Amino acid sequence: MPSVATSTTPAARTPSGTAAVRIVAEAVAFRLKSLEMANLAGALSIALALRLPWGDVAFRTLFAFVLNALVYLNNDWFDAEDDLRAPGRGGPKTRFLAEHMDSALAAQGALTVLLVVAALAFDPGLLLALLVGGGICVWYSYSLKRLPYVDVLAMAVWGIGMPMCGFPLGSALGWCLALQLGAF
């Protein structure tokens, strides 16, 4: 767990729903502005290429969006201490996160529960996308990003795991397209 020094205000010690929503919204907005959620387009493209029903396409895209929110929030959570020390990175968003680490962790837990329940209700195969895409991102954020060459391999696995949201696991064409995205 990051050891960010937080203030002694109650908001810093007790998870707050308002703080959690703000932190998730800021993480998503930053990633969308930075065009870092390209795997959403990959998952959507695979679903469309497979000519899945529109309800499936919409659900899978929404699942991929929430999974992206989870993994990018997790990355921000792990990086908060480093970002506070980095020139130009310790802005209001980073300081707010650092002051509300418990809320950010609670938001990650809530998003994970939401994704598990959604996968079990719609397509349990999405649990594999959560495990591979989400799991490799957590591991990457925790340690792999600091290991040359391993970081690139981890991102290739992530490049397969995240677009897995876009297809049923029984689709051979879906796997071929996801593997191509991972190689890319």
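This is a short walk through the inside and the surface of the structure shown above. Keep in mind as you look around that the model is predicted.

Let's begin in the interior. The largest nonpolar core has 49 residues, and within this core Leu-67 and Cys-165 touch the most other members. Many helices take part: H2 (17-33), H3 (38-49), H4 (54-85), H5 (92-99), H6 (101-122), H7 (126-142) and H8 (150-161) each give the core at least two residues. Helix H4 provides the largest share, with 13 residues.

Now find Cys-165. Setting aside the residues within four places in sequence, Cys-165 is in contact with Ala-43, Arg-60, Phe-63, Ala-64, Leu-67, Leu-126 and Ala-129. Notice that Leu-67, named above alongside Cys-165 for touching the most other core members, is among these contacts.

Another name in that list deserves a stop. Ala-129 is part of helix H7. Is Ala-129 buried or exposed? Its relative accessibility is 0%, so Ala-129 counts as buried; the cut-off for buried is under 20%. Apart from residues up to four places away in sequence, Ala-129 touches Leu-67, Gly-134, Gly-161, Met-164 and Cys-165. You can also follow the fold from here to Gly-166: the two residues are 37 residues apart along the chain, and their C-alpha atoms are separated by 9.3 Å.

Next, go to Asn-74, which sits in helix H4. With a relative accessibility of 4%, Asn-74 also counts as buried. Which residues does Asn-74 touch, not counting those up to four places away in sequence? They are Gln-108, Cys-137, Val-138 and Ser-141.

Finally, let's move out to the surface. Here Leu-32, Leu-62 and Phe-65 make a nonpolar patch of about 260 Å². Leu-32 belongs to helix H2, while Phe-65 is found in helix H4. Why does Leu-32 count as partly exposed? Its relative accessibility is 43%, and partly exposed covers the range between under 20% and over 50%. Phe-65 is partly exposed too, because its relative accessible area is 30%. These two patch members also meet directly: leaving out neighbours within four places in sequence, Leu-32 is in contact with Met-37 and Phe-65.

So helix H4 has appeared at several stops on this walk: it supplies the largest share of the core, it holds the buried Asn-74, and it carries Phe-65, a member of the nonpolar surface patch.

Technical notes:
Residues numbered from 1 in each chain as written. Predicted model: local features only at pLDDT ≥ 70, side-chain atom pairs only at ≥ 80, totals over all residues. Heavy atoms only, no water. Core = buried A, V, L, I, M, F, W, Y, C linked by side-chain atoms within 4.5 Å. Buried < 20%, exposed > 50% of the residue type's maximum accessible area, 1.4 Å probe, protein only. Helix = DSSP H or I, 4+ residues; strand = E, 2+ residues; numbered from the N terminus. Contact = heavy atoms within 4.5 Å. Patch = residues over 30% accessible without salt bridge, like charges linked within 9 Å, V, L, I, M, F, W, Y side chains within 5 Å. Areas by Shrake-Rupley, 256 points an atom, 1.4 Å probe, with all protein chains shown as cover. Salt bridge = Lys/Arg side-chain N within 4 Å of Asp/Glu carboxyl O.
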